[in-house]
Amino acid sequence: METKNTGNVCEEQVFDTIFKANSKTVFNYIYYKFGNEEKAHDAVQEAFVKLWENCIKVSPEKAKSFVYTVANNLYLNVIKAEKVRLKYAEKTLKVTHESPEFLLEEEEFKQKLNRALDSLPENQRTTFLLNRIDGKKYAQIAEMEGVSVKAIEKRMHLALKSLREKIEGI
């Protein structure tokens with residue numbers, strides 16, 4: 001939620017509202033790019049620290065955009081130094097009544113899917129995961145990425161096409 005023009009980002013309550021409204025989505029956005037929870041968490045924390053440090057300069061209306069931009073720039077700085085790989089957080093192990101054959105096929109499919117996702121360009125992978133995992137609308141993703149909705153539609157189309165070619169049955 002955007003905050004109203006009452007107050008500024010330097011007020012703890014305003015900052016708190018901005019943090020609560022945006023930190024999880026910013027975390028997911030960066031996590032899908034980093035593929036690393038710890039680095040995503042660090043980038044989000046650092047982005048909000050920078051927001052606090054610049055609270056006089058950033059209006060509440062611009063705070064969300066500021067945090068995305070800072071977190072994204074932190075990400076870009078990190079990938080200059082290392083190759084980024086997406087890793088899916090494994091679901092907690094659960095008791096199952098499926099056959100060993102089914103479980104093996106399911107595991108093989110997950111590995112195929114992970115390889116297919118890893119092979120996507122970063123912008124297509126991020127768009128795909130934000131849409132399909134987080135349920136973000138194209139307009140929301142376009143705002144996060146700073147591109148047009150048309151660009152997001154094209155990324156999604158290319159991602160789906162690529163995934164279909166690599167994995168039968170998607």
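Are Phe27 and Tyr31 buried or exposed? In the predicted model described here, Phe27 is buried, and Tyr31 is buried as well. The two residues belong to helix H1 and stand four residues apart, about one turn of the helix. An α-helix has 3.6 residues a turn, so residues three or four places apart point the same way. The aromatic rings of this pair are considered again below, after the overall architecture.

The protein contains seven helices and zero strands. Read from the N terminus, its elements follow the order α-α-α-α-α-α-α. Of its 170 residues, 37% count as buried. The accessible surface amounts to about 11,000 Å², and carbon and sulfur atoms account for 53% of that area. When contacts between residues at least 6 apart in sequence are considered, 66% of them join residues at least 24 apart.

The interior was examined next. In soluble globular proteins, nonpolar side chains tend to be buried together. In this model the largest nonpolar core comprises 42 residues, and Ile30, Leu51 and Phe128 are those with the most contacts inside it. The elements that supply two or more residues to this core are helix H1 (12–34), helix H2 (37–53), helix H3 (60–81), helix H4 (100–119), helix H5 (122–132), H6 and helix H7 (149–166). The greatest contribution comes from H1, which gives 10 residues. The surroundings of Phe128 illustrate how parts of the chain meet: with neighbours within four places in sequence left aside, Phe128 is in contact with Leu117, Ile133, Met156, Ala159, Leu160 and Leu163.

Aromatic residues were then surveyed, and a search of the whole structure finds six aromatic pairs. In one of these, the ring centres of Phe19 and Phe48 are 4.8 Å apart and the ring planes meet at 70°, so the pair is edge-to-face. This pair links distant parts of the chain, since Phe19 lies in helix H1 and Phe48 in helix H2, 29 residues apart. The two partners can also be described by their accessibility. Phe19 has a relative accessibility of 35% and therefore counts as partly exposed, whereas Phe48 is buried, with a relative accessible area of 3%. A second pair is that of Phe27 and Tyr31, whose ring centres are 5.9 Å apart and whose planes lie at 5°, so this pair is stacked. In addition, one aromatic cluster is formed by Phe15, Phe19, Phe48 and Trp52.

Helix H6 offers an example of a helix with a buried side. Its buried residues are Ile141, Ala142, Met144 and Glu145. Because these residues cover an arc of only 160° around the axis, they are on the same side of H6. The residue that follows H6 is Gly146, which has a positive phi, near 70°.

One of the buried residues of H6, Glu145, was examined in more detail. Glu145 is located in helix H6, which spans residues 138–145. Its relative accessibility is 17%, and because buried means under 20%, Glu145 counts as buried. The side chain of Glu145 makes a polar contact of 2.3 Å with the side chain of Tyr29. A further polar contact, of 2.6 Å, joins the side chains of Glu145 and Arg155. Both partners reappear in the wider set of contacts: not counting residues up to four places away in sequence, Glu145 touches Tyr29, Lys33, Asn123, Ile152 and Arg155.

Two threonine residues complete the description. Thr25 is placed in helix H1, and at 16% relative accessibility it counts as buried. Residues up to four places away in sequence not being counted, Thr25 touches Tyr68, Lys136 and Met144. Of these partners, Met144 is listed among the buried residues of H6. The other threonine, Thr69, lies in helix H3. With a relative accessibility of 43%, Thr69 counts as partly exposed. The side chain of Thr69 reaches the backbone oxygen of Ser65 at 2.8 Å. Thr69 and Val26 are separated by 43 residues in sequence, and their C-alpha atoms are 9.9 Å apart in space.

Note on methods: Residues are numbered from 1 along each chain as its sequence is written. This is a predicted model: local features need pLDDT of at least 70, side-chain atom pairs count only at pLDDT 80 or more; totals for chains, interfaces and linings use all residues. Side-chain values use heavy atoms; hydrogens and water are left out. Buried means under 20% relative accessible area, exposed over 50%, partly exposed in between (1.4 Å probe, protein chains only). A polar contact is a pair of N or O atoms within 3.5 Å; within protein, one must be able to donate a hydrogen and the other to accept it, and residues adjacent in sequence count only if both atoms are side-chain atoms. Contact means heavy atoms within 4.5 Å. A nonpolar core is a set of buried Ala, Val, Leu, Ile, Met, Phe, Trp, Tyr and Cys residues joined through side-chain atoms within 4.5 Å. Accessible areas come from the Shrake-Rupley method with a 1.4 Å probe; for residues, only the protein chains shown count as cover. The arc is that of the directions from the helix axis to the C-beta atoms. Rings of Phe, Tyr and Trp (its six-membered ring) pair if their centres lie within 6.5 Å; planes under 30 degrees apart count as stacked, over 60 as edge-to-face and the rest as tilted.
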